[in-house]
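Here's a quick tour for anyone meeting this structure without an introduction. Take a look at the picture, then follow along.

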Amino acid sequence: MEFKRVVVTGLGALTPIGNSVPEYWDGLINGVSGAAFIKSFDVTNFKTKFACEVKNFDADAFLGRKDARKLDPFVQYALYSTEEAVKDAGLDFDKLDTNRIGVIWGSGIGGLKTFLDEVVAFAKGDGTPRFNPFFIPKMIADIAPGHISIKYGLRGPNFTTVSACASSNNSLIDAFNYIRLGKANMFISGGSEAIINEAGIGGFNAMHALSTRNDDPATASRPFDLDRDGFVAGEGAGTIILEELEHAKARGAKIYAEMMGGGMSADAYHMTAPHPEGLGAALVMKAALEDANMTPADIDYVNVHGTSTPIGDPQEVKAITEAYGEHIHRINISSTKSMTGHLLGAAGAVEAIAAILAVKNDIIPPTINHFTDDPAFDPKINFTFNKAQKRVVRAAQSNGFGFGGHNASVIFKKYED
């Protein structure tokens, strides 16, 4: 059968460096760090006292106080970024077949804040189970796409993908496949996460996963730097409207880029550590290229997973070297996590937006906070350190790797009719 073509027609973002796509993109190309001391809870006794929090987001103003109280922050973020994407795409659902429009959303954890608050309240009580009636529907990871579909009346496929930090890349791949197989005309896809709370920071600290550079939070996320010491937690949401090409053209939609393919793989190695040779990561990049019917020579930019961890960054460089061969010296790679921190289940969507805008605008966002070269890395690789670079970006690949060995990679290219 002949696959349908899938294009990007709308974008929305709520990030630590901007509460809209234009603000986010401006922050990226100007190398803005979203890291600062945590304001949402008392960090006195925590090893890590900083994160990349969303700033100046007023859920009560956006949703109304009554409705905001019924929703965990990860759902609030999802609804916010989706509203921007829907407006950006110029969607009038009264004029569209909403039975063929779905929502596939990614979240690695879901309503952690809700779970924390309810369990702490119970523990402080007299043993009587006085739980909030919204406890479960606020917490469950699948509730974000549920609320999006309810808000817009969308009756197509609706579910959540959960694969840790690969979650929203998986959501994009699932949406892409449904459309190109002719099962739907359009998807609202992406991901959201809200784990900057006592449980989230404390839990990742216990794993020794987070940077503890409390003396200089703004430069703590240092992907590929010799002195990297862990990732910086981030929060937010990214929404991407994926649409069948002829459907988009029929309604006169603007088109950002074309989604060409996606790959998925497993490390089959360790609960949290990546494969030491980057085998799963190399496999997923090759799988995405094969799915897109493209070669390494077709790609100009890779938005890497690049978390700033001592063991994760080298394995990804090994994987890109394996997947790209000599062409690795002709591409740019960068980690936008150096600016946004690691948004976990939302990372794939937010970073896919960065890749899409790099393709559209022919600008590579930088990897900031680079101070000392790591001799383990090939000096001929262009990590786009510290400053954005202009170049023609015909196509871009974006990687996401999650605890459990989950890998997912997506590819976007310039749209040509």
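Which residue of strand 14 is the bridge partner of Gly-402? It's His-406. Keep in mind as you read on that this is a predicted model.

## Where that pair sits

Gly-402 and His-406 are partners in a bridge, and they belong to a bigger arrangement. Strand 13 covers residues 395-402 and strand 14 covers residues 406-413. The two run antiparallel, with eight bridges joining them.

## The sheet as a whole

Now zoom out. Ten strands make up an open sheet with mixed pairing, and their order is 5-4-6-7-1-8-14-13-9-10. Strand 5 (158-161) and strand 10 (332-334) are the edge strands, and each has a single partner strand, so one side of each has no neighbour in the sheet. On average, neighbouring strands are turned by 25 degrees against each other, direction ignored.

As for what holds such a thing together, strands of a sheet pair through backbone hydrogen bonds, in either a parallel or an antiparallel way.

## Strand 7, covered on both sides

Strand 7 (236-244) is a good place to pause. Is it mostly covered or mostly uncovered? Mostly covered: nine of its nine residues are buried. One face carries Gly-236, Gly-238, Ile-240, Leu-242 and Glu-244, while Ala-237, Thr-239, Ile-241 and Glu-243 are on the other, and all of them are buried.

Strand 7 also has partners to either hand in the sheet order, strand 6 and strand 1. With strand 1 it pairs in the antiparallel sense over eight bridges, and Val-6 has Glu-244 of strand 7 as its bridge partner. Strand 6 runs antiparallel to strand 7 too, again joined by eight bridges. There, Gly-190 stands opposite Thr-239 in strand 7.

## Helices against the strands

Helix 11 (residues 279-291) lies across strand 8 (257-266), strand 13 and strand 14, and runs at about 145 degrees to strand 8. Helix 14 packs on the sheet as well, touching several strands, including strand 1 (6-14), strand 6 (186-193) and strand 7. The direction of helix 14 makes about 55 degrees with that of strand 7.

## Helix meets helix

Helix 14 (residues 347-361) also packs with helix 1 (residues 21-29), their axes 11 Å apart and at an angle of about 80 degrees. The two helices are therefore roughly perpendicular. Helix 1 brings Val-21, Tyr-24, Trp-25 and Leu-28 to the contact, and among the residues from helix 14 are Val-350, Glu-351 and Asn-361. By type, the contact residues come out as nine nonpolar, one polar and one charged.

Notes: Residues numbered from 1 in each chain as written. Predicted model: local features only at pLDDT ≥ 70, side-chain atom pairs only at ≥ 80, totals over all residues. Heavy atoms only, no water. Axes fitted to C-alpha atoms, helices over the stretch in contact; angles between N-to-C directions. Helix = DSSP H or I, 4+ residues; strand = E, 2+ residues; numbered from the N terminus. Parallel < 35°, antiparallel > 145°, perpendicular 65-115°, else oblique. Contact = heavy atoms within 4.5 Å. Nonpolar A, V, L, I, M, F, W, Y, C, P; charged D, E, K, R; others polar. Pairing = 2+ DSSP bridges. Buried < 20%, exposed > 50% of the residue type's maximum accessible area, 1.4 Å probe, protein only.
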